[in-house]
Amino acid sequence: MHIFYFECNIAYTCMMMHTCTQRQYHNTYFFFVVRKTRSTIESEEIESIRVPVRNKKSPTGFSVETYPILHPHRIISFLMDHVQINVCKAEVAEYWQHARRMGEQWAVNHPSPGDHIPLGLHGDSARLWTQCTFEKYTAISFNILHFRPKSVRYSRFVVFSIPTAKLFKNRTLNSVWRRLAWSFEALYQGTYPQTGVGGAPLTDHNLKFAGLPITKSGQRFALCEFRGDWEWHCSMWRPTASWQSINICFKCPAVAAGESAELLYWNIKEPCGWHQQEFGLEQFLARRLKDTNLCILPHVFSPAFYFE
């Protein structure tokens with residue numbers, strides 16, 4: 001295990017995944033713990049997860065490998081109690097009130113009384129230079145919407161990364177989403193999980209903290225945003241609509257060709273019907289996703305993942 005020390009501003013150095021080489025960045029994740037006796041930060045190894053990855057040599061097309069992962073509820077505990085990030089309660093309340101006042105359906109239907117601190121989840125891919133060649137990596141990060149440091153990189157907390165070439169359809173990240181859903185559910189409740197993923201028994205340090213408040217002040221959190229570029233959303237949701245198909249839009253019934261003139265995407269004059277038929281969550285699931293091997297996120301009907 002590699003140990004790194006940084007003479008730096010503790011308040012903004014809670015996670016510095018890019019301080020090691022790109023190869024180390026892939027092989028090792030770090031969770032930083034503040035040492036009160038000196039102005040340094042020490043890293044310690046964290047959780048791991050077994051995921052299916054692409055393997056052309058396997059008869060099934062995939063094999064199972066182990067990768068490091070950071071649990072969001074542990075990161076939040078560190079940020080709130082050790083780094084002491086301050087999130088204004090009035091701003092959080094205004095966020096929920098404004099969303100509900102504007103008729104945002106996810107906010108109107110959300111069970112939160114309006115005091116859950118909003119979180120955002122972001123996925124993206126990038127080309128990185130390794131020791132020998134360029135390699136494309138896919139990463140998942142999250143942020144606290146009302147924490148806005150001067151540099152945006154200090155507000156993004158990476159929880160998982162993997163070489164993009166290793167992704168096996170959407171099965172690889174589905175395993176990751178299952179783990180993250182478990183962690184975000186704990187954040188919504190405000191307490192450490194009392195059971196493991198899927199109801200499995202807790203072990204090691206997770207058992208020691210079971211049921212305890214995640215933050216000393218008892219704050220609770222809710223995932224309110226799921227962000228990414230078009231490539232990310234296509235790889236995640238695998239929608240049946242595409243700019244190359246007849247069904248051209250994943251949010252409405254617009255088409256590229258057909259007898260229904262009101263649904264032609266380039267028809268913006270009367271009669272134009274597609275702009276009045278934006279899909280809700282159920283319609284999106286029924287009309288724009290495949291019938292098998294769906295992304296797990298729409299089926300996590302937990303308040304922690306209550307968004308559209």
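The legends below describe close-up views of a predicted model.

**View 1. Helix 2 packs against helix 5.**
Helix 2 spans residues 72-83 and helix 5 spans residues 171-189. Their axes lie 8 Å apart and make an angle of about 40°, which makes helix 2 oblique to helix 5. On the helix 2 side, the residues in contact are Pro-72, His-73 and Ile-76. Helix 5 meets them with Leu-180, Trp-182, Ser-183, Phe-184 and Leu-187. By class, six residues of this contact are nonpolar and two are polar, with no charged residues.

**View 2. Four strands form an open sheet with mixed pairing.**
The strand order is 7-6-5-8. Strand 7 (157-163) and strand 8 (221-228) are the edge strands, each pairing on one side only. On average, and with direction ignored, neighbouring strands are turned by 25° against each other.

**View 3. Strand 5 and strand 8 run parallel.**
Strand 5 covers residues 117-129 and is joined to strand 8 by seven bridges. Ile-117 stands opposite Phe-221 of strand 8.

**View 4. Helix 2 and helix 3 pack on the sheet.**
Helix 2 touches strand 5, strand 6 (134-144), strand 7 and strand 8. The direction of helix 2 makes about 60° with that of strand 6. Helix 3 (residues 89-101) touches strand 5 and strand 8, and its direction makes about 90° with that of strand 5.

**View 5. Trp-129 and Phe-134 form an edge-to-face pair.**
A search of the whole structure finds 15 aromatic pairs. In the pair shown here, the ring centres of Trp-129 and Phe-134 are 5.1 Å apart. Their planes meet at 70°, so the pair is edge-to-face. Phe-134 has a relative accessibility of 47% and therefore counts as partly exposed.

**View 6. Phe-142 and Phe-184 form an aromatic pair between strand 6 and helix 5.**
This pair is edge-to-face, with 6.0 Å from centre to centre and 90° between the planes. Phe-142 belongs to strand 6 and Phe-184 to helix 5, so placed that the pair links distant parts of the chain, 42 residues apart. Phe-142 counts as buried at 1% relative accessibility. Phe-184 is also buried, with a relative accessible area of 1%. Phe-184 is one of the helix 5 residues that meet helix 2.

**View 7. Seven aromatic residues form one cluster.**
The members are Trp-177, Phe-226, Trp-230, Trp-232, Trp-237, Phe-250 and Phe-284.

Conventions
Residues numbered from 1 in each chain as written. Predicted model: local features only at pLDDT ≥ 70, side-chain atom pairs only at ≥ 80, totals over all residues. Heavy atoms only, no water. Axes fitted to C-alpha atoms, helices over the stretch in contact; angles between N-to-C directions. Helix = DSSP H or I, 4+ residues; strand = E, 2+ residues; numbered from the N terminus. Parallel < 35°, antiparallel > 145°, perpendicular 65-115°, else oblique. Contact = heavy atoms within 4.5 Å. Nonpolar A, V, L, I, M, F, W, Y, C, P; charged D, E, K, R; others polar. Pairing = 2+ DSSP bridges. Phe/Tyr/Trp six-rings, centres within 6.5 Å; stacked < 30°, edge-to-face > 60°. Buried < 20%, exposed > 50% of the residue type's maximum accessible area, 1.4 Å probe, protein only.
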